[in-house]
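Let's take a friendly walk through a protein structure together. Have the 3D view ready, and turn it as you read.

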Amino acid sequence: MQKLLPYILNGISAGGQYALISIGYTLVYGILRLINFAHGDVFMVAGLILVYSSATLPFYFSIPLVLVCTAVLGFVIERAAYKPLRSAPRMSLMISAIGVSYLIQNLAFYLTGGLPQPVTRPIPWVSGMVTVLGASTKRVTLVTPVLTLALVLVLLWLTRRTRIGIGMRAASRDFETAQLMGVKINSVISFTFVVGSFLAAVGSLLYFTNYPNVAITSGAMPGLKAFVAAVFGGIGSIPGAVVGAFLIGLSEEIIKGLGYSTFSDAFTFALLIVILCVKPTGLFGESAADKV
Amino acid sequence: MSMEDILQIRDLYVSYGGIEAVKGISLHVERGKIVTLIGSNGAGKSTTLKTVAGLVRPKSGQILFEGEDLVGRSTDQIVARGVTLVPEGRRVFPNLTVKENLRIGAYLRKDDYSRDLAWVYELFPRLKEREWQPAGTLSGGEQQMLAVGRALMAKPKLVMMDEPSLGLAPLIVKGIFSIIREINRQGITVLLIEQNANMALKTADWAYVMQTGSLILEGTGQELADDETVKSAYLGVKK
């Protein structure tokens with residue numbers, strides 16, 4: 001147990017980071033029935049903004065800048081690449097999402113010259129070391145799950161208690177009737193992208209505290225795993241995405257702890273296939289009646 | 001002819017799903033009345049209401065609400081002016097509670113809507129009992145009550161109803177129609193489309209008959225109920 005403890009801590013931390021990304025997938029899917037393939041790249045861009053801005057700006061300025069710019073990026077992607085396809089077949093939307101993903105990676109390639117950008121100034125305090133029950137780890141390991149759960153609670157409050165949140169839930173079931181209530185569909189969709197991208201940016205800040213550099217493909221693996229987490233939990237469900245993310249994060253790290261590091265990624269993707277075969281609606285998913 | 005028309009449709013043409021569903025209709029709805037539009041399935045009734053609500057764009061024509069043309073306005077702008085539509089098939093939000101469904105009916109209101117909520121619960125005590133239940137768990141009749149209550153929460157001047165009796169038991173249908181009269185007594189104008197022509201003509205002050213995109217007859221509810229064509233085509237009365 002003592003030997004596994006650091007892995008369990010890492011697993012909870014990775015789970016929190018996956019959760020923050022997977023909420024973005026699940027929210028967008030809930031409202032547009034779209035798997036937003038560009039979401040992992042939005043996560044990567046947040047990392048790049050952090051590297052560039054923290055090189056010259058103090059953290060109390062660069063961190064808010066990362067959050068705001070990433071949220072704006074999510075908004076712009078939706079307006080430019082998805083909104084014009086509102087009445088197009090869903091397949092066109094998916095293809096547009098793939099296009100956005102590669103476009104972002106290529107723009108990042110142009111910006112970085114293709115070189116991984118070192119995180120020379122990790123965020124202070126959270127990157128400091130602490131000792132938990134004899135295991136030594138970065139503070140971010142403990143901060144991540146707490147911050148994640150706090151943000152999830154805020155998000156649940158937002159969708160249950162606020163006007164725009166109820167509008168979001170209504171639109172996720174029935175666009176036309178939501179419009180008849182006076183809900184502005186385009187505002188609700190933009191809001192969804194802003195929230196999803198903001199959470200991915202928080203995830204990114206935490207994630208790159210543990211990683212030495214940001215490469216243009218840095219978003220691919222965490223993005224894919226967060227996507228698996230969303231499917232595992234039942235895509236469209238916020239609690240599902242969170243539970244799925246923590247389970248995947250923990251499983252991966254425990255597998256590493258048992259000495260099978262080589263197979264930890266394979267496990268996640270094998271899990272995806274098994275879920276799709278056995279229970280396609282995931283742990284908390286609604287019935288597939290009105291879906292693809 | 002009338003004291004004041006709250007709604008005037010002038011020479012409206014609408015293409016919907018590749019076919020010309022509405023072919024140049026003109027009608028008017030007097031303030032404070034119940035007006036019905038009857039006709040068989042596919043006559044273009046639903047398309048007409050959806051066009052007034054701003055969900056469908058017309059090819060040409062005018063839709064004047066209190067003298068202002070609604071054509072080109074978005075649905076939320078139309079709702080804000082006091083026009084609501086109770087859609088066909090009720091379309092309550094099954095994942096929201098009864099209370100949330102009513103709350104979203106008041107989505108655009110900035111004033112206090114607690115009096116209207118109390119009124120809706122008075123009209124439909126059953127909804128008050130089930131306030132915290134997801135709307136998906138209600139029976140068909142209760143969902144229809146919720147759909148009507150939800151439309152009232154916007155504090156509308158004109159409520160349009162698309163087939164409120166569809167698929168409901170006769171006793172429940174009677175209840176729904178008495179609610180329609182009650183709403184109307186509170187000063188709300190009602191534009192009702194129905195395949196249940198019998199009930200609709202009994203309830204309405206003025207009625208239109210629509211057939212394949214055109215209006216073919218109009219008159220008071222009683223006049224049309226006595227009309228031979230209407231009797232044989234829509235009331236199921238054999239000669």
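We begin with helix α1 of chain B, which covers residues 45–52 and is mostly covered: seven of its eight residues are buried. The buried ones are Lys45(B), Thr47(B), Thr48(B), Leu49(B), Lys50(B), Thr51(B) and Val52(B). Just after this helix comes Gly54(B), whose phi is positive, at about 85°. Before going further, keep in mind that what you are looking at is a predicted model.

Now zoom out to the rest of chain B. This chain has 10 helices and 10 strands. How does its radius of gyration fit with that of a compact globule? For 239 residues, a compact globule would have a value near 18 Å, and chain B has 17 Å, so the two agree. Its C-alpha trace spans about 50 × 40 × 40 Å along the principal axes. Of the 239 residues in chain B, 52% are buried. Many contacts also bridge long stretches of sequence: among those between residues at least 6 apart, 67% join residues at least 24 apart.

The surface and charges of chain B come next. Chain B exposes about 10500 Å², with 49% of that supplied by carbon and sulfur atoms. Chain B carries 30 positive and 28 negative charges, and the mean positions of these two sets are 4 Å apart.

Two loop residues of chain B are worth a visit. Thr137(B) sits in the loop between α5 (125–129) and α6 (140–152). Is Thr137(B) buried or exposed? The answer lies in between: with a relative accessible area of 47%, Thr137(B) is partly exposed, because that label applies to values from 20% to 50%. Thr137(B) and Thr97(B) are 40 residues apart along the chain, yet their C-alpha atoms are separated by 9.3 Å. Further along, Lys155(B) lies in the loop between α6 and β7 (158–162). Its phi is near 55°, a positive value in a residue other than glycine. Most residues other than glycine have a negative phi.

Let's cross over to chain A. Here you will find 11 helices and four strands. The radius of gyration of chain A is 19 Å, close to the 19 Å that the globule rule gives for 292 residues, so chain A is as compact as a globular protein of that length. Along the principal axes, its C-alpha trace spans about 60 × 45 × 35 Å. Buried residues account for 54% of the 292 in chain A. Of the contacts in chain A with a separation of 6 or more, 75% come from residues 24 or more positions apart.

On the outside, chain A exposes about 12700 Å², and carbon and sulfur atoms supply 71% of this area. Chain A has 19 positive and 9 negative side chains, with the centres of the two sets 7 Å apart. One residue to look for is Trp125(A), in the loop between β1 (117–118) and β2 (129–132). Trp125(A) has a positive phi, near 65°, although it is not a glycine. At 55% relative accessibility, Trp125(A) counts as exposed.

Finally, where do the two chains meet? In this interface, 22 residues of chain A are in contact with 20 residues of chain B. The area buried between the chains is about 2100 Å², of which carbon and sulfur atoms give 58%. Which three residues of chain A supply more of its buried area against chain B than any other three? They are Arg163(A), Leu180(A) and Met181(A), which supply 34% of it.

Definitions and conventions. Residues numbered from 1 in each chain as written. Chains lettered and ligands numbered in written order. Predicted model: local features only at pLDDT ≥ 70, side-chain atom pairs only at ≥ 80, totals over all residues. Heavy atoms only, no water. Rg over C-alpha atoms; globule rule 2.2 N^0.38 Å. Buried < 20%, exposed > 50% of the residue type's maximum accessible area, 1.4 Å probe, protein only. Contact = heavy atoms within 4.5 Å. Areas by Shrake-Rupley, 256 points an atom, 1.4 Å probe, with all protein chains shown as cover. Lys, Arg positive; Asp, Glu negative; His and termini not counted. Charge placed at Lys NZ, Arg CZ, Asp CG, Glu CD. Buried area = accessible area lost by both parts, 1.4 Å probe.
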